[in-house]
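Me: I would like to take a close look at a single part of this structure, and I would be grateful for one connected explanation.

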Amino acid sequence: MEVEMEVRCAFMAFLIVCATASAAEDYTRPMPREDLSFPWKPRHSSEPHQVHISLAGHKHMRISWVTDDESSPSVVDYGTSSGQYASSSEGESTSYSYMLYSSGKIHHVVIGPLDDNTVYFYRCGRSGPEFSLKTPPSQFPITFAVVGDLGQTGWTSTTLDHIGQCKYDVHLLPGDLSYANYIQHLWDTFGELVQPLASARPWMVTEGNHDRESIPLLKSGFQAYNARWKMPFQESGSPSNLYYSFEVAGVHIIMLGSYTDYGKDSQQYSWLKADLSKVDRKRTPWLLVLLHAPWYNSNWAHQGDGDDMMETMEPLLYASGVDLLIAGHVHAYERSVRVKNGRIDPCGIVHITIGDGGNKEGLAHRYYHPKPLWSVFREASFGHGKLKIVNSTHAYWSWHRNDDDEPVNSDAVWINSLSSSGCLADGKLELRKILTEL
């Protein structure tokens with residue numbers, strides 16, 4: 001009964017969205033908001049800060065945090081009762097220097113095996129406050145919060161507040177996290193800003209152009225990103241933290257790197273082929289991809305930035321039956337129908353651009369007209385997305401606009417998995433043969 005009522009409510013919301021979609025580009029937007037300011041904090045403390053968690057292989061979670069005390073141990077104590085830690089894990093630590101900046105001690109500890117859909121209490125470094133996390137479920141339904149290009153503005157704060165009001169299991173972020181832009185202490189303030197959410201649910205991220213921070217002849221790029229936001233690349237057989245995959249509750253998710261080599265002779269392309277060849281759509285009927293620079297974009301901003309990567313990888317993802325590709329980079333929202341090679345295709349991929357988390361560069365207001373046939377909904381507003389995968393065949397996507405501090409549900413659609421369609425049946429795509437040929 002509860003599921004039936006939820007489906008009815010979702011359907012009514014969808015009808016309302018369809019009725020108002022034509023007015024989306026005429027929406028009167030609130031004024032910009034300034035960057036957030038953060039109080040000065042004394043250093044040389046052993047207290048953990050910038051705590052965030054991520055999935056780290058089957059039934060395992062990685063706990064990451066920073067301390068200013070170099071002697072603080074990389075240890076996590078944890079258990080299912082507050083204040084009672086039946087288990088303990090030891091991990092690793094790193095640090096980095098960037099021009100005149102020196103980071104604190106950055107800790108990464110993997111805990112587990114953990115029970116599914118369970119609350120755990122944990123303590124970092126055997127000192128400081130207790131945190132709690134909830135592991136994702138092992139089966140459907142599962143809900144993802146989705147937002148890109150966060151930054152550290154008043155709109156970012158509103159976006160995070162709205163996400164905090166959602167019931168979700170995993171947070172997905174397709175690049176451009178802190179907008180530190182070479183000012184390294186802004187990575188620290190970003191870590192503090194997101195800690196309330198990122199310490200309680202896993203944050204799975206991939207890199208964006210603002211995370212690169214390369215300096216010719218001095219810095220190769222992604223130094224802060226790789227040191228602070230370690231993802232399960234090793235667990236997924238990837239040679240780089242800039243691209244990896246993971247599985248959760250019947251969903252295989254691939255995080256690709258728009259700013260590392262992706263040509264057919266690259267390590268990323270070879271890894272992607274190998275990863276796709278291992279996907280079992282009976283075990284994980286949903287296949288999602290996240291990257292930063294969108295492949296389908298009708299906004300004037302960043303037009304064509306993803307074209308080369310699309311030319312190389314779209315045939316591979318199409319052959320594999322990818323259901324949904326989520327990107328950031330363009331500071332606006334856009335959703336497509338299933339598309340391939342610029343044309344509507346019932347076996348193609350649904351593309352979503354959601355680079356509207358709240359960054360200080362503002363919104364990308366200009367769109368091309370007329371709207372391409374593949375583009376269903378587009379709007380230049382800050383907001384976040386929510387993807388609820390209900391079962392092996394159906395998922396409900398909704399986008400929530402930040403409007404006067406209220407999360408307005410502005411776009412919604414039901415998506416059917418390609419694993420339940422004729423696109424993957426009877427060897428139509430001959431996946432393994434195509435993977436070999438490509």
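Which residues line the largest cavity?

Reply: This is a predicted model, and the description that follows should be read with that in mind. The structure holds one cavity of 30 Å³ or more, and the space in the largest cavity comes to about 70 Å³. The residues that line the largest cavity are Gln50, His52, Ser64, Trp65, Val66, Ile106, Trp187, Phe190, Gly191, Arg228 and Trp229. When these residues are sorted by class, the lining of the largest cavity turns out to have six nonpolar residues, four polar ones and one that is charged; Gly is counted among the polar residues in this sorting.

It also helps to ask where in the fold the lining comes from. Strand S1, which covers 49-55, supplies at least two residues of the lining of the largest cavity, and so do strand S2 (61-67) and helix H3 (185-198). You can follow this along the chain by finding Gln50 and His52 in the lining, then Ser64, Trp65 and Val66, and then Trp187, Phe190 and Gly191, while the lining also includes Ile106, Arg228 and Trp229.

To put the picture together, the largest cavity, with about 70 Å³ of space, has a lining to which strand S1, strand S2 and helix H3 each supply at least two residues, and that lining includes six nonpolar residues as well as four polar and one charged.

Technical notes:
Residues are numbered from 1 along each chain as its sequence is written. This is a predicted model: local features need pLDDT of at least 70, side-chain atom pairs count only at pLDDT 80 or more; totals for chains, interfaces and linings use all residues. Side-chain values use heavy atoms; hydrogens and water are left out. On a 1 Å grid over the protein atoms alone, a cavity is a set of points where a 1.4 Å probe fits but cannot get out, and a pocket is an open set with protein on both sides within 12 Å along at least five of seven lines; lining residues have an atom within 4 Å of a point. Grid points are joined across faces, edges and corners, and a volume is the space filled by probe spheres set on the points. Helices (H or I, at least four residues) and strands (E, at least two) are DSSP runs, numbered from the N terminus.
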